[in-house]
Each structure stands twice: as C-alpha cells, then as structure tokens.
Amino acid sequence: MADQHAQLSWKDETIPVSDRFDDPYFSLQNGLEETRHVFLAGNDLPARFAPGFHIAELGFGTGLNMLTTWAAWEQSGQSTPLRFTSFEAFPMEPVDMERALAAFPELSDYAMQFLDAWTGAPCDLGTVQIEVIQGDARETLARWEGKANAWFLDGFSPAKNPELWESDLMAHVANHTAPGGTAATYTAAGFVRRGLEAAGFAVTRTPGYGRKRHMTRAVLD
C-alpha cells in the first residue's frame with residue numbers, strides 16, 4: 001500500500017514543500033501573516049467568533065491555520081471551545097510539523113500544546129477541539145454530518161491539485177455550511193469562483209496576500 005503521509009522537501013531548511021504537488025505549505029514571505037489575511041480576515045474573524053463557532057478546512061498541512069485561529073480565539077476573549085475540523089488526504093508527520101512550526105515563535109506555546117497531545121485522533125485542548133478527517137475529501141466530506149460557520153479552503157494550488165477545487169466538492173462545502181456561513185481561499189482561479197457560485201455562495205474577489213494579487217471570499221446566500 002502506498003504511503004499516505006506527506007512526502008516533503010524543505011526550502012531554506014524551514015519551509016516544507018510537497019513533493020507530491022510541488023507546492024509549498026505556506027507563503028514563502030510570511031505564512032502566519034498570510035493565514036491572518038486570507039483565512040481570518042477573509043472570513044471576517046475574529047469579529048464573528050461566538051460560543052459554539054465551528055471552522056472547517058480543506059487541507060490541514062502543518063496545522064498553522066488551526067494554531068493561528070486558536071490563538072486569535074483565545075486573544076479575542078473566548079473561553080468556550082472552538083471546533084476545528086480539517087480534511088486531509090496526506091497528513092504530515094508530527095516531527096515535520098514541529099520543524100515547520102518552529103518558523104513561528106509567536107505560536108510556540110500553542111504549537112507545543114498541540115504537538116504534545118496530537119496522535120491523529122480527535123483532540124480536546126480545552127479552548128479548541130480538533131478533528132482531522134483523513135482521506136480523500138471528495139469522499140469524506142460527503143459523509144460528514146457537521147456544518148461549519150466558516151471554511152478555510154487551503155488545498156495546494158488549483159493548477160497542481162485540481163481535485164480539491166472541483167465543483168462537486170464546492171457543492172459539498174456549501175451543503176456543510178451553516179446559514180450565513182463563509183468561505184475564504186488564497187486562490188482567485190476562475191473555475192474555483194464559478195464552482196462556489198454554482199454551489200450557492202455569493203463570491204467576491206479581494207486583494208490577496210503578498211505577491212498574490214487577488215483572493216476569494218464567499219458568503220452562503
């Protein structure tokens with residue numbers, strides 16, 4: 001059976017790059033600021049945070065998005081658990097997560113708590129409840145029974161990983177979004193925007209992070 005874990009190379013010894021998709025896991029400029037710009041601001045967070053808030057994500061990767069959101073959740077004054085569900089086909093080994101996350105000392109306390117507890121099974125860390133559902137999201141999301149208030153669409157580049165952006169999957173995202181829920185992604189690829197629109201989202205193109213001129217924000221009509 002083929003290895004279903006992430007196969008990595010490292011750029012500048014600090015940035016993991018997927019060998020399978022030939023794409024870095026986060027911005028070469030500043031992955032933390034990219035997450036804040038695209039996924040937090042793109043979903044109007046932390047302003048929308050409220051008890052019971054549920055975030056879902058396509059592509060868990062290093063866990064950077066989860067850690068950034070968890071920190072923002074606590075810093076916004078929330079004390080109840082944030083629910084964070086991610087769909088990941090090729091999970092990264094914890095030792096590789098640790099190496100990648102070392103680039104973000106601002107999150108070191110959160111990263112340490114997460115890595116100390118992480119086994120791949122659902123994980124309750126008090127103010128965050130994490131579940132990473134492993135497998136092909138085109139299959140696992142269809143079977144999922146949850147509904148998210150906000151989606152982080154963070155698969156590898158649509159040009160290199162088109163399966164994670166196809167219209168059928170965007171329809172599943174919409175079906176698992178709470179009324180008034182949102183989605184955000186770093187890509188502004190036309191077929192991704194059209195897939196979100198066909199699924200029932202109102203889609204806008206907004207300024208991207210760093211060298212990316214545009215990104216996509218979506219609100220479920």
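A residue is called buried when its relative accessible area is under 20%, and exposed when that area is over 50%. The exercises below apply this and other terms to a predicted model.

**Exercise 1. Decide whether Ser157 counts as buried or exposed, and find what it is in contact with.**

Solution. Begin with the position: Ser157 is found in the loop between β8 (148-153) and α6. Next, take its relative accessibility, which is 19%; because the limit for burial is under 20%, Ser157 counts as buried. Finally, leaving aside the neighbours within four places in sequence, the contacts of Ser157 are Asp23, Trp165 and Tyr186.

**Exercise 2. Decide whether Ala47 counts as buried or exposed, and state how it lies relative to Ser76 in sequence and in space.**

Solution. Ala47 also belongs to a loop, in this case the one between α1 (31-40) and β4. Its relative accessibility is 64%, and because exposed means over 50%, Ala47 counts as exposed. Along the sequence, Ala47 and Ser76 are separated by 29 residues, while in space their C-alpha atoms are 8.5 Å apart.

**Exercise 3. Work out the order of the eight-strand sheet and identify its edge strands.**

Solution. The strands of this open sheet follow the order β6-β7-β5-β4-β8-β9-β11-β10, and their pairing is mixed. At the edges are β6 (123-124) and β10 (201-207), each of which pairs on one side only. Helix α1 packs on this sheet, where it touches β8, β9, β10 and β11, and its direction makes about 140° with that of β9. Within the sheet, strand β9 (residues 177-185) and strand β11 (residues 214-220) run antiparallel and are joined by four bridges; Ala183 has Ala218 in β11 as its bridge partner.

**Exercise 4. Describe the surroundings of strand β5, taking its two pairings in turn.**

Solution. Strand β5 (residues 82-88) is mostly covered, with six of its seven residues buried. Its pairing with strand β4 (residues 54-58) is parallel and has five bridges, and here Leu58 is partnered by Phe87 of β5. Its pairing with strand β7 (residues 128-134) is likewise parallel, over seven bridges, and here Glu88 is partnered by Gln134 of β7. As a last step, follow the chain from β4 through helix α2 (residues 64-75) to β5: these three elements make a right-handed β-α-β unit.

**Exercise 5. Determine how α2 and α4 cross, and which residues meet there.**

Solution. The axes of α2 and helix α4 (residues 108-117) come within 10 Å and cross at roughly 115°, and the crossing is right-handed. On the α2 side the residues involved are Met66, Leu67, Trp70, Ala71, Glu74 and Gln75, which meet Tyr110, Ala111, Gln113 and Phe114 of α4.

**Exercise 6. Explain why the buried residues of α6 line one face of the helix.**

Solution. The buried residues in helix α6 (residues 167-175) include Leu169, Met170, Val173 and Ala174. When the helix is viewed down its axis, the buried residues of α6 fall within an arc of 150°, so they line one face.

**Exercise 7. Set out the arrangement of the three-strand sheet.**

Solution. This open sheet has the order β1-β2-β3 with antiparallel pairing, and its edge strands, β1 (8-11) and β3 (23-24), each pair on one side only. Between strand β2 (residues 15-18) and β3 there are two bridges, and the bridge partner of Val17 in β3 is Pro24.

Conventions. Residues numbered from 1 in each chain as written. Predicted model: local features only at pLDDT ≥ 70, side-chain atom pairs only at ≥ 80, totals over all residues. Heavy atoms only, no water. Buried < 20%, exposed > 50% of the residue type's maximum accessible area, 1.4 Å probe, protein only. Pairing = 2+ DSSP bridges. Right-handed = clockwise from strand over helix to strand, strands pointing away. Arc of directions from axis to C-beta. Axes fitted to C-alpha atoms, helices over the stretch in contact; angles between N-to-C directions. Left-handed = near helix turned anticlockwise from the far one by under 90°. Contact = heavy atoms within 4.5 Å.
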